[in-house]
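Thanks for sending this one over. Here are my notes, written as numbered points so you can follow them with the structure open beside you.

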Amino acid sequence: ALRTVLVDSDFGHRWIGVTAVLLGLSPALRSRLRPAAAVACVLALTEGVLLGISGHTGDSAAPSVLGIAVRSVHLLAAGVWAGGIVALIVAWTALRRLRVAPGTGARLLRGFGGVAAAGLLGAGVTGLLLAGSQVATVTALLATTYGTVLVAKVVLFLGLGGLGLRHARMGDRRGAAGTATPQRLPRTLPVEAAGAVGVVLLASFLGASSPPRGAEFQPAPPATPTALTRTVDDLVVGVSIKPNRPGRNLLALDVLQTRFPAPAPVQGVTVQVGTPRGDVVLATRPAGTHYDAGALDLAAPGALALRVTVQRPGLPAVELALPWVVDAPPPARHPTVVSDAPLALPAEVLAGAVATLGGGMALVAAVRRRRSRTSAGARVAGEQRAA
């Protein structure tokens with residue numbers, strides 16, 4: 001089974017390629033980049049871009065640069081957030097066992113707060129953009145397993161976002177007070193870590209599933225006309241083929257003479273239909289100006305050659321060639337759930353709103369931090385002058 005996954009599948013080929021590139025880069029980076037953190041960052045960035053390329057954004061064999069960028073940022077941001085929380089818990093536990101000086105754990109939590117917030121914001125914005133491109137319509141979101149898992153992922157992500165904001169504010173308060181110790185790990189931080197792992201598992205399910213963008217969720221294509229009218233000499237000829245799809249159809253004509261009085265009555269109308277199996281000539285039964293040709297068997301969709309011949313005594317026969325297109329059978333469409341509106345535009349608008357809100361919150365936090373540092377500096381200066 002493992003050989004089948006790695007050797008006989010596109011996913012296995014991409015995974016082997018990404019792993020080979022990373023293994024090849026690692027020795028070169030170690031020789032040129034001394035800090036281990038720099039090597040890890042370069043490898044993580046490389047892996048994110050390679051996974052973004054191998055993921056084939058939009059199931060396209062030639063993904064666009066924008067698609068690669070969005071997917072790469074999404075993978076890197078989610079990895080920084082989810083992996084960073086797990087690493088933070090491990091580091092905090094190690095600090096507790098090593099009995100490091102009080103305040104170290106709080107500084108660690110405070111320092112990671114901005115990184116986690118950036119990862120959350122990046123993963124959320126790019127995730128919304130990807131959802132809009134992967135899910136065709138609102139019906140596809142609400143009526144498929146893929147959509148259900150995506151909704152569960154978004155709901156869980158929103159809950160964890162609120163929890164992460166609480167942890168970031170907690171780290172700022174404790175860091176400012178200077179009273180936090182490594183033993184005072186926020187009790188809800190493991191909950192955020194477990195939720196982050198859950199988000200990654202849900203994302204892996206989505207990555208292994210086919211997104212709902214098939215014909216069953218696309219708007220029905222406009223049908224070709226089932227009737228056509230042409231004028232030749234003093235005759236107006238109308239042809240109707242219904243339902244104009246492969247199978248049994250009804251063929252009828254209407255022939256109207258525009259000259260008054262008519263030069264001669266219509267004696268007969270025949271229709272020659274060109275099919276892959278040969279031409280079929282159908283005689284018609286008149287009923288006033290209406291002529292019924294009966295049933296017509298159409299084998300396949302596509303172009304169809306029609307030739308109508310109108311005969312009148314004492315006058316040359318009038319022949320009229322009509323180009324015709326037989327519709328393909330309509331694809332099975334999923335019943336509408338709430339709406340068939342495309343999901344891309346609402347997802348993009350929501351992504352823009354989230355990005356704007358996150359940027360505003362970051363700006364407010366930066367201003368408050370600067371003010372607190374300024375006030376702290378002024379307080380220290382005043383104490384020094386008083387001393």
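1. A word on terms before we start: a residue counts as buried under 20% relative accessible area and as exposed over 50%, and partly exposed covers what lies in between. Val197 has a relative accessible area of 41%, so this residue is partly exposed. Please keep in mind throughout that this is a predicted model.

2. Where does Val197 sit? The residue has its place in helix α8. Val197 also helps to make a nonpolar surface patch of about 340 Å², together with Val86, Val90 and Leu201. Two elements, α4 (65-98) and α8 (189-207), each give two or more residues to this nonpolar patch.

3. Lys153 deserves a look of its own. This lysine is found in helix α7, which spans residues 145-177. Is Lys153 buried or exposed? With a relative accessible area of 14%, Lys153 falls under the 20% cut-off, so the residue is buried.

4. Which residues does Lys153 touch? Leaving out residues up to four places away in sequence, the list is His74, Val199, Leu202, Ala203 and Leu206. You may want to display these side chains together when you view Lys153.

5. Now to a sheet. In this open sheet, 4 strands follow the order β5-β4-β8-β9, and their pairing is antiparallel. The edges are taken by β5 (278-283) and β9 (315-326), each of which pairs on one side only. On average, neighbouring strands of the sheet are turned by 20° against each other, with direction ignored.

6. How many bridges join β4 to β8? There are 7 of them, linking residues 268-275 of β4 with residues 302-312 of β8, and the two strands run antiparallel. One pair to look up is Gln272, whose bridge partner in β8 is Arg307.

7. Finally, the chain as a whole. The secondary structure of the protein chain comes to 9 helices and 9 strands. Of its 387 residues, 33% are buried. The chain exposes about 22,600 Å², with carbon and sulfur atoms supplying 65% of that area.

8. One last figure concerns contacts along the sequence. If you take the contacts between residues at least 6 apart in sequence, 64% of them join residues at least 24 apart.

Key. Residues are numbered from 1 along each chain as its sequence is written. This is a predicted model: local features need pLDDT of at least 70, side-chain atom pairs count only at pLDDT 80 or more; totals for chains, interfaces and linings use all residues. Side-chain values use heavy atoms; hydrogens and water are left out. Two strands pair if DSSP finds at least two bridges between them. Axes are lines fitted to C-alpha atoms, for helices over the stretch in contact, and angles run from 0 to 180 degrees between N-to-C directions. Patches are made of residues with over 30% relative accessible area and no salt bridge: like charges are joined within 9 Å, nonpolar side chains (Val, Leu, Ile, Met, Phe, Trp, Tyr) within 5 Å. Accessible areas come from the Shrake-Rupley method with a 1.4 Å probe; for residues, only the protein chains shown count as cover. A salt bridge is a side-chain nitrogen of Lys or Arg within 4 Å of a carboxyl oxygen of Asp or Glu. Buried means under 20% relative accessible area, exposed over 50%, partly exposed in between (1.4 Å probe, protein chains only). Contact means heavy atoms within 4.5 Å.
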